[in-house]
Amino acid sequence: MQGLHLTADLHHCRCDMRWLTDADALLAACEARVQAAGLRPVARLAHAFPATAAGPGGVTATVLLAESHLCIHTWPERGAVTLDVYVCNGSGDHEAAARNLEASLLTLFVPMRVQQQALRRGDLQGGMTE
């Protein structure tokens, strides 16, 4: 059950607006990046939210992995994105793949500011934050 949970809050993203608003395009990009990182997608789901007075609606995209999951939430009216990459290491060490996936997604969204966190999960010693 040991694994690595990466999160990133992306601010002032300068990417093409479709990555923040087009559920199908974002999901396809996520799945391609998952595979390029060497992880195995087993299911996928995306939801586009309706536009509001503040601007176009955002997207939630999830790719379930054999190793765990990737989840992305977008706020196009703020140019903001949250990323969540979690990999379990039960069948091997997937940490490098998780970090490569996160880095690939950062290049997709082109944020001006990023807040990243890493949490080791399932550690028998009680876990630790990097």
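Which residue in the turn of the hairpin formed by β4 and β5 has a positive phi? Before I answer, let me say that what we have here is a predicted model, and that I will keep to two parts of it, the run of strands from β3 to β5 and then one histidine.

The residue is glycine 79, with a phi of about 65 degrees, and it sits in a turn where four residues lie between β4 and β5. The two strands of that hairpin, β4 with residues 68-75 and β5 with residues 80-88, are antiparallel and share eight bridges, and if you want one pair to find on the screen, take leucine 70, whose bridge partner in β5 is valine 85.

On the other side of the sequence from that turn, β4 also pairs with β3, residues 59-65, again in the antiparallel sense, here through five bridges. The connection between β3 and β4 is a hairpin of two residues, and within this pairing alanine 61 stands opposite isoleucine 72 of β4.

Now to the histidine. Histidine 5 belongs to strand β1, which covers residues 3-11, and with a relative accessible area of 15% it counts as buried, because the cut-off for that term is under 20%. Its side chain makes a polar contact of 2.8 Å with the side chain of aspartate 84. Once neighbours within four places in sequence are set aside, histidine 5 is in contact with Asp84, Val85 and Tyr86, and also with Gln117, Ala118, Leu119 and Arg121. Val85 therefore links the two parts of this talk, as a contact of histidine 5 and as the bridge partner of leucine 70.

Terms used. Residues numbered from 1 in each chain as written. Predicted model: local features only at pLDDT ≥ 70, side-chain atom pairs only at ≥ 80, totals over all residues. Heavy atoms only, no water. Pairing = 2+ DSSP bridges. Buried < 20%, exposed > 50% of the residue type's maximum accessible area, 1.4 Å probe, protein only. Polar contact = N/O pair within 3.5 Å; in protein donor to acceptor, adjacent residues only side chain to side chain. Contact = heavy atoms within 4.5 Å.
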